[in-house]
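Grab a pencil and work through these exercises with the model open beside you. Each task comes with a solution that goes step by step.

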Amino acid sequence: MEVERLTEQGLVTIGHEEMADLRDTKVLLRAHGEPPQTYELAEANNIDIIDATCPVVLALQRRIKKQFDANPDAQIVIFGKKGHAEVLGLVGQTNQKAIVIEKFDEVDKLDFTRDIYLYSQTTKSLDEFHRIIDYCQQHISPQASFKSFDTICRQVANRIDNIRAFASQHDLVLFVSGKKSSNGKVLYNQCLSVNANCHHIERASEIDMAWLDGVETVGICGATSTPKWLMEECRQKIESI
């Protein structure tokens, strides 16, 4: 929804294939970050990069690259969503050698006789990450080493207790975010865990008036990336009834 708003103001969104054809222009990199190849391409094509990579993601990229350079034979494992923009940027720091696991059930694909360095996409679930850590600690071979690095963004993790408390205080909760947002899914599920009357919506037009029957209080919240104007739009629709 925010991209739509910016597109109306002249933003042009491109992928890697389109970028390869660009010369002598400016390109903004979004918050999720990019692999080293993107920067190399920009330099070769005289593209001026405006780097809007989140500083937390940028620090994680550097950390993974440093670890890979120091021990390229170890298993660098990233707990994250395959194909996600941030994860692609992280895997790119390891010459595509990092192993990505999306959920706890995939942890048994690791080789516990070899060194394992475990990182997390910044917006994944802290609880599931700790389950993976516990499993690795229990199964790692005495001849191998295991190290984990809590790289989950506290802008997401620190909101969990507050958003659960918020959701429990209202008869109805509207969680506003893109359906593909990773941190949106984490935070919405936290709301749902304490209040079954929660609805994940992307925009005000999705609000079903039947949801309001018998409801006295409505709470509106969203993902870390949800723009305030979008939540205000939902508030205004409810207030207009």
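On a 1 Å grid over the protein atoms alone, a pocket is an open set of points with protein on both sides within 12 Å along at least five of seven lines, and lining residues have an atom within 4 Å of a point. A pocket's volume is the space filled by probe spheres set on the points, which are joined across faces, edges and corners.

The model is predicted, so local features need pLDDT of at least 70 and side-chain atom pairs pLDDT 80 or more, while totals for chains, interfaces and linings use all residues. Numbering starts from 1 along each chain as its sequence is written, and side-chain values use heavy atoms, with hydrogens and water left out.

**Exercise 1.** Describe the second largest pocket and its lining.

Step 1: its volume is about 290 Å³.
Step 2: 15 residues line this pocket, and K124, S182, K185, V186 and N189 are the closest to its centre.
Step 3: look at the helices and strands (DSSP runs: H or I of at least four residues, E of at least two, numbered from the N terminus). Those giving two or more residues to the lining are α6 (126-139) and α9 (182-194). The top contributor is α9, with 5 residues.

**Exercise 2.** Find out how many disulfides there are, then check C153 and C234.

Step 1: a disulfide is a pair of cysteine sulfur atoms within 2.5 Å. Searching the whole structure turns up 0.
Step 2: for C153, the nearest cysteine sulfur belongs to C54, 5.8 Å away, and C153 is in no disulfide.
Step 3: C234 is in no disulfide either; its nearest cysteine sulfur, on C221, sits 11 Å away.
Step 4: now for burial (buried is under 20% relative accessible area, exposed over 50%, partly exposed in between, with a 1.4 Å probe and protein chains only). C153 is buried at 12%, and C234 is buried at 0%.

**Exercise 3.** Work through the salt bridges of E2 and E239.

Step 1: a salt bridge is a side-chain nitrogen of Lys or Arg within 4 Å of a carboxyl oxygen of Asp or Glu. By that rule the count is 8.
Step 2: E2 pairs with R5, with the closest N and O atoms 2.8 Å apart. Both lie in helix α1, 3 residues apart, or about one turn.
Step 3: E239 bridges to R235 at 2.9 Å between the closest N and O atoms. These two are about one helical turn apart because 4 residues separate them in helix α10 (residues 228-239).
Step 4: E239 is exposed at 55% relative accessibility, whereas R235 is partly exposed at 33%.

Definitions and conventions
On a 1 Å grid over the protein atoms alone, a cavity is a set of points where a 1.4 Å probe fits but cannot get out, and a pocket is an open set with protein on both sides within 12 Å along at least five of seven lines; lining residues have an atom within 4 Å of a point.
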